[in-house]
Amino acid sequence: MVLTLRDVLEQHLVSADPQVLSGYDGLDNEVRWVHSSEIFEIGPLLSGGELFLTTGLGLAGVDAGTRRHYIRELAQRNVAGVAIEMGRTFDEMPDEMVREASAVHFPLIALRTVVPFIDLCRSANTDLVSGEVELLRRRSDLSAALHAEMAAGNGAPSILKRLAAAVDCPLVLLGSGNALMAAEGVDDDHSAWQAVDAQVAAVPVGMRGELVATMVAGPGSPLDPAALVGMLEVGAGPLGVTLSLSRELGGLPHRAASSLVSDLLDARIDRRSDLVMRLGAAGFRPSKTARIVPVAVDVPIPRMASQLSASAAKRISAQSMHARVHATSYALITPSRSDVDAVTEIVASYASGSGEATVVVGDPCRLDAYELSAGLVRVRHALSLAVADRRSGNHADAVTSVRALAADLAVETLPDAVRSELAAAAIGPVIAWDKEHGSELTHTLEVHLRNGCSATRSAAALNLGRQSLYQRLDRIRGLIGFDFTAPQTYPGLLMALCAHRAQGRRSAG
């Protein structure tokens, strides 16, 4: 906490009835200490920032020129001001001292009521020391919090967010060439540059003697500039280490990619600039207008996942990034062609070499942290459904998409009782027949509906002859009692079939 000369006069010297005689523009000078002495040659003993209290005893009997020199020397030492008690040495402040103080814009104050200087010093200095102790405590707390972020493996955006909350103002991280690396406390990149233009403080961020970035504080912090810089310097070290580590990870793209995807899945990345920086460290540099398709892969042997995704991306000449988070492998793919459906193209590319893998292709996302986070979360959830279906013998495709599993994802949000009612009401007789006879009419119905009720495509998908397919379809039609090929029945039947498979997953689980 900073005390100005005005603060000290109003809060601690008011009982001495102070009267400012000159240097009114210096009332906002910072007071670092309140000191009293009667030594005439006190100037060399002061370091600057003191409010100096005296009765003027050292000035008794000296000429006007010496008194002017006394004022001039205090001003040159950057003393915050001098307060002289009236009634002991001087009944009134000597004119030459007032004129000299005015000439050098130095605060000269007359104390018109006698108050023991020790009381004035104790009051003001206690306040000053308390403020310094509070600032030290805040810096210590901030240091502990930032090191906890580092220990948790969180990146520069998390550290910058914690630091911005501590100083209560926008913070912007600029890299080489003043490139915008990250920002906190602003709405968008334009607001970040406005904060840079109106900056209050800037602190270099380095590591091993090398400048890594510059941290800029925008306006709005309740801290004075010196305290603000001190808090920023606490954060400069952890930021430097984190940024240097990110740069080192640039040589290990798989580690950088896994860290990035983990943070995206946990929604720990907010800004596009942070996302672009982290993608670059992972060796993935899509254009600003690119569409990024998230993919989730489950394979028996983990090292096969990156090979599978790399091969799939190569088949369609796409840029890709591969990562592994816990037991699941992920890929981000940017197709090179814009004249074809990216999801269909990627599904077909994976299908040609999927082997025992289960793959789910997500929806295309913009180069946006929130959208990509949501896309990865959806594809992760969809993969869990696809894997469960395959393990429970539900004849699920090895390679599918979030688009194809949209109904399954929707059904998963329903209560168990609603799912049971939905399945029983629409396809209850078919389910019962399968249980009694060990048949696969339920699966046949779903395959037929998903193939547009085309007998040719359905028979091929089920590996059946057309006549056998027709017999199954006739049986199904007789059990449910209505024409399931009518377009208006599609949505309800598909939802019922998804609900039935969800019950199967629950039972298998």
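Helices α16 and α17 are roughly perpendicular to each other, and this pair makes a good starting point for a tour of what is a predicted model.

**First stop: α16 and α17**

Select residues 455-462 for α16 and residues 466-480 for α17, and you will find the two helices packed at an angle of about 100°, with their axes 9 Å apart. Because angles of 65 to 115 degrees count as roughly perpendicular, the pair falls in that class. To see where the helices meet, show the side chains of Ala455, Thr456, Ser458, Ala459 and Leu462 in α16, which are in contact with Arg466, Leu469 and Tyr470 in α17.

**Back along the chain: Asn451, α14 and α15**

Next, pick asparagine 451, which lies in the loop between α15 and α16. Is this residue buried or exposed? Asparagine 451 has a relative accessibility of 19% and counts as buried, since the cut-off for that class is under 20%. Apart from its neighbours within four places in sequence, asparagine 451 is in contact with Arg457, Ser458 and Ala461.

From there, select residues 416-437 for α14 and residues 441-450 for α15, whose axes come within 8 Å and cross at roughly 135°. These two helices are therefore oblique to each other. Their meeting place is made by Ile427, Val430, Ile431, Trp433 and Asp434 on the α14 side, with Leu441, Thr442 and Leu445 on the α15 side.

**Leu367 and helix α9**

Move now to leucine 367, in the loop between β15 (358-361) and α12 (369-391). Leucine 367 is buried, with a relative accessible area of 7%. If you draw a distance from its C-alpha atom to that of threonine 289, the viewer should give 7.2 Å, although the two residues are 78 residues apart along the chain. Setting aside residues up to four places away in sequence, leucine 367 touches Arg272, Leu275, Val276, Leu279, Pro286, Ser287, Lys288, Ala290 and Ile292.

Colour helix α9 (residues 272-281) next, a helix that is mostly covered, with seven of its 10 residues buried. The buried residues of α9 are Ser273, Asp274, Leu275, Arg278, Leu279, Gly280 and Ala281. Just after α9, stop at glycine 283, where phi is positive at about 80°.

**A hairpin: β10 and β11**

Select residues 201-207 for β10 together with β11, and you will see seven bridges joining the two strands in the antiparallel sense. Methionine 207 stands opposite glutamate 210 in β11. The two strands form a hairpin with two residues between them, and arginine 208 in the turn has a positive phi of about 55°. Adding residues 171-174 brings in β8, which runs antiparallel to β11 (residues 210-217) and is joined to that strand by four bridges. Within this second pairing, leucine 171 has alanine 217 in β11 as its bridge partner.

**The five-stranded sheet**

Turn to the open sheet of five strands, whose order is β2-β7-β6-β5-β4 and whose pairing is mixed. At its edges are β2 (18-22) and β4 (33-36), each of which pairs on one side only. From one strand to the next, the twist averages 25°.

Inside the sheet, select residues 50-54 for β5 and residues 81-85 for β6, which pair in the parallel sense over four bridges. Here leucine 53 has alanine 83 in β6 as its bridge partner. Helix α2 (residues 64-76) packs on the sheet, where it touches β5, β6 and β7 (108-111), and its direction makes about 155° with that of β5. Then show helix α3 (residues 95-103), which lies across β2, β6 and β7 and runs at about 65° to β2.

**Last stop: the whole chain**

Finally, zoom out to the full chain, whose secondary structure comes to 18 helices and 16 strands. Its radius of gyration is 37 Å, well over the 23 Å that the globule rule gives for 509 residues, so the chain is more spread out than a compact globule. Along the principal axes, the C-alpha atoms fill a box of roughly 130 × 45 × 35 Å. Buried residues make up 48% of the 509 residues, and the accessible surface comes to about 23,800 Å², of which 52% belongs to carbon and sulfur atoms. Among the contacts in the chain with a separation of 6 or more, 68% are between residues 24 or more positions apart.

Conventions
Residues are numbered from 1 along each chain as its sequence is written. This is a predicted model: local features need pLDDT of at least 70, side-chain atom pairs count only at pLDDT 80 or more; totals for chains, interfaces and linings use all residues. Side-chain values use heavy atoms; hydrogens and water are left out. Two strands pair if DSSP finds at least two bridges between them. Axes are lines fitted to C-alpha atoms, for helices over the stretch in contact, and angles run from 0 to 180 degrees between N-to-C directions. Contact means heavy atoms within 4.5 Å. The radius of gyration is taken over C-alpha atoms; the globule rule is 2.2 Å times the number of residues to the power 0.38. Buried means under 20% relative accessible area, exposed over 50%, partly exposed in between (1.4 Å probe, protein chains only). Accessible areas come from the Shrake-Rupley method with a 1.4 Å probe; for residues, only the protein chains shown count as cover. Angles under 35 degrees count as roughly parallel, over 145 as roughly antiparallel, 65 to 115 as roughly perpendicular and the rest as oblique.
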